[in-house]
Amino acid sequence: MSGGLLHVLWRELRGDPADLRAVRVGGTTGLVSPLPVEALAVASATVHRLAAVGPAGAALEVDAAPPADGQLAVDARHVAADFASESLLRLDGQPAAGGFAPLSRFFPTADGWVRVHANYPHHRAALLHALAVPDGDDERAVAAAVRAALHERLALDVEEQVVAGGGVVAAVRTPQEWAASPMGAALAGAPLVDLRRVGSDDAAAATRLDQRAGRDPAQGVRGARVLDLTRVIAGPTGTRALAAWGADVLRLDPPHLPEPRAQLLETGSGKRFAQLDIASGAGRERLEELLAGADALVHGYRPGALARLGLSEEELAERHPHLVVASLSAWGTQGPWAQRRGFDSIVQAASGVAVMTGAADGSPGALPVQALDHAAGHLLAAAVMRGLVLRRPAGPGGTWHAHVSLAGLARWLLSQQVSSEAARAGERLKASDLERYLVDLPSPEGTVTVVRPLGAPVWSAALTSSAPTWLPTPR
């Protein structure tokens, strides 16, 4: 494991470097790659564990006893299972992973390659419209038409045209091309976890904490109310971890953009799920009430999107100074792509990861798991828990906001690349190695099999439907 990365992440999370002496990592992940995926996976999972149960952890009174030797043990193979969790989902014993849609793949162009993301119907429709390809029921025929249309175009032209039409495509770049681009340059020097104290009215934050009926401000994550406005993998895995540590996690989704059910089940363990249109008047009012009663907000809205609803960082800090806010983006908060849509696979393609993991024939490749998503999820969970600790009356107090980007994590991977020979010589992960990390959860749809949480108590149930309201505070 890269001890350097672990120290960087823990420092950015405002942790005490002395805490790292209590960490013991056992085994290897088996995540073989020309890039240091194992280091990223283990380091991000470890700071999550430290934030929860380290010397200044946020998970108070958990049902997980500390190790007899006083060290925080991290099982690297369990980390690997966690990072591969979406591929291990089962429903009533049968594989239930959704995977990528037929058009979500690499396609050759006249001068290179592009990566397409079309898992959501509106992104698929935008792609076909931009390429003037008619839709149809024959997916093979549609894919063939898309391939033919792309083969006649330049990769950067495709990227510009499809993105302008609301689709999600990235031209495959080398690491050097990405670093030299305006967006790559904007990421240089940015922290991997930007955890910052915002606002200046500590008294207001303390007052709002004291007004939380039935909840001691000094409590940790157990019983904390976490509003989850995230989708896909990264954000939902982070809030899934917070639910395992005892938080009341309420996920809100817009009614007009349904998430694939398999994805909801896999990332929804221990959470409550409701639909709410926060852009409507009534939905906006309900959201404000939920924020007033929450301890943390985790969202995946692109930078500036919430500002249009009167929920900019400054407005959140002013109206809800008690809130810990953790946000996720694909490309970071600065630069020309800050408000662009993006996913793990798209960031890999644009940043040069796809080139570095490509085949000998020059075709692009991918990391063995969606490591950017999962690492970001662990860092979001850690940032929320660190924020809960830092806002305590006995700590610095105040209002804390954090941000993590997928592109920032890709930048670290590319800056720390290892030799192909060394990487490919490692012990490869086998699916059979991961069976011992699976757990069955009840749900109205049947028995859901998922990867159990890292070091935390197992959730009592899978995702459950709910009204958009908080549970009563336990007495």
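## Strands, helices and selected residues

Leu-441 sits across from Val-448 of strand E16. The model is a predicted one. The pair belongs to two antiparallel strands, E15 (residues 438–443) and E16 (residues 446–451), joined by 6 bridges. Between E15 and E16 lie 2 residues, and the two strands form a hairpin.

### The sheet around the hairpin

The hairpin strands are part of an open sheet of 4 strands. The order is E4-E3-E16-E15, and the pairing is antiparallel. E4 (94–95) and E15 are the edge strands. Each has a single partner strand, so one side of E4 and one side of E15 lack a neighbour in the sheet. Strands of a sheet pair through backbone hydrogen bonds, in parallel or antiparallel fashion.

What joins strand E3 to E4? The answer is 2 bridges, with E3 (residues 90–91) running antiparallel to E4. Here Arg-90 stands opposite Pro-95 of E4.

### Helix H6

Helix H6 spans residues 155–164. Which residues of helix H6 are buried? They are Ala-155, Val-158, Glu-159, Val-162 and Val-163. Viewed down the axis of H6, these buried residues fall within an arc of 115°, so they line one face of the helix. Turned away from that buried side is a face with the exposed residues Glu-160 and Ala-164.

The buried residues of H6 have both strands and helices as packing partners. The strands are E6 (113–116) and E7 (169–171). The helices are H4 (121–131) and H5 (139–151). Just past the end of H6, Gly-166 adopts a positive phi of about 90°.

### Helix H2

Helix H2 covers residues 37–53, 17 residues in total. At 1.5 Å a residue, H2 should span 24 Å. Its end C-alpha atoms are 24 Å apart, which agrees. H2 is also mostly covered, with 15 of its 17 residues buried.

### Three residues compared

Asp-433, Arg-196 and His-117 are set out below by location and accessibility.

| Residue | Location | Relative accessible area |
|---|---|---|
| Asp-433 | loop between H18 (420–424) and E15 | 19%, buried |
| Arg-196 | strand E8 (residues 194–198) | 29%, partly exposed |
| His-117 | loop between E6 and H4 | 4%, buried |

Asp-433 counts as buried because its relative accessible area of 19% is under the 20% cut-off. Its side chain makes a polar contact with the side chain of Arg-77, at 2.9 Å. The loop that holds Asp-433 leads from helix H18 to E15, and E15 is one of the two edge strands of the sheet.

Is Arg-196 buried or partly exposed? Arg-196 is partly exposed, at 29%. Its side chain makes a polar contact of 3.1 Å with the side chain of Asp-194. With neighbours within four places in sequence left aside, Arg-196 is in contact with Arg-14, Glu-313, Thr-399, Trp-400 and His-401. Arg-196 and Gly-54 are 142 residues apart along the chain, and their C-alpha atoms are separated by 21 Å.

His-117 is buried, with a relative accessible area of 4%. Its loop runs between E6 and H4, and both of these elements pack against the buried residues of H6. What is His-117 in contact with, leaving aside its neighbours within four places in sequence? The contacts are Phe-100, Ser-104, His-123, Val-168, Phe-343, Ser-345 and Ile-346.

Terms used. Residues are numbered from 1 along each chain as its sequence is written. This is a predicted model: local features need pLDDT of at least 70, side-chain atom pairs count only at pLDDT 80 or more; totals for chains, interfaces and linings use all residues. Side-chain values use heavy atoms; hydrogens and water are left out. Two strands pair if DSSP finds at least two bridges between them. Buried means under 20% relative accessible area, exposed over 50%, partly exposed in between (1.4 Å probe, protein chains only). The arc is that of the directions from the helix axis to the C-beta atoms. Contact means heavy atoms within 4.5 Å. A polar contact is a pair of N or O atoms within 3.5 Å; within protein, one must be able to donate a hydrogen and the other to accept it, and residues adjacent in sequence count only if both atoms are side-chain atoms. The expected span of a helix is 1.5 Å times one less than its number of residues.
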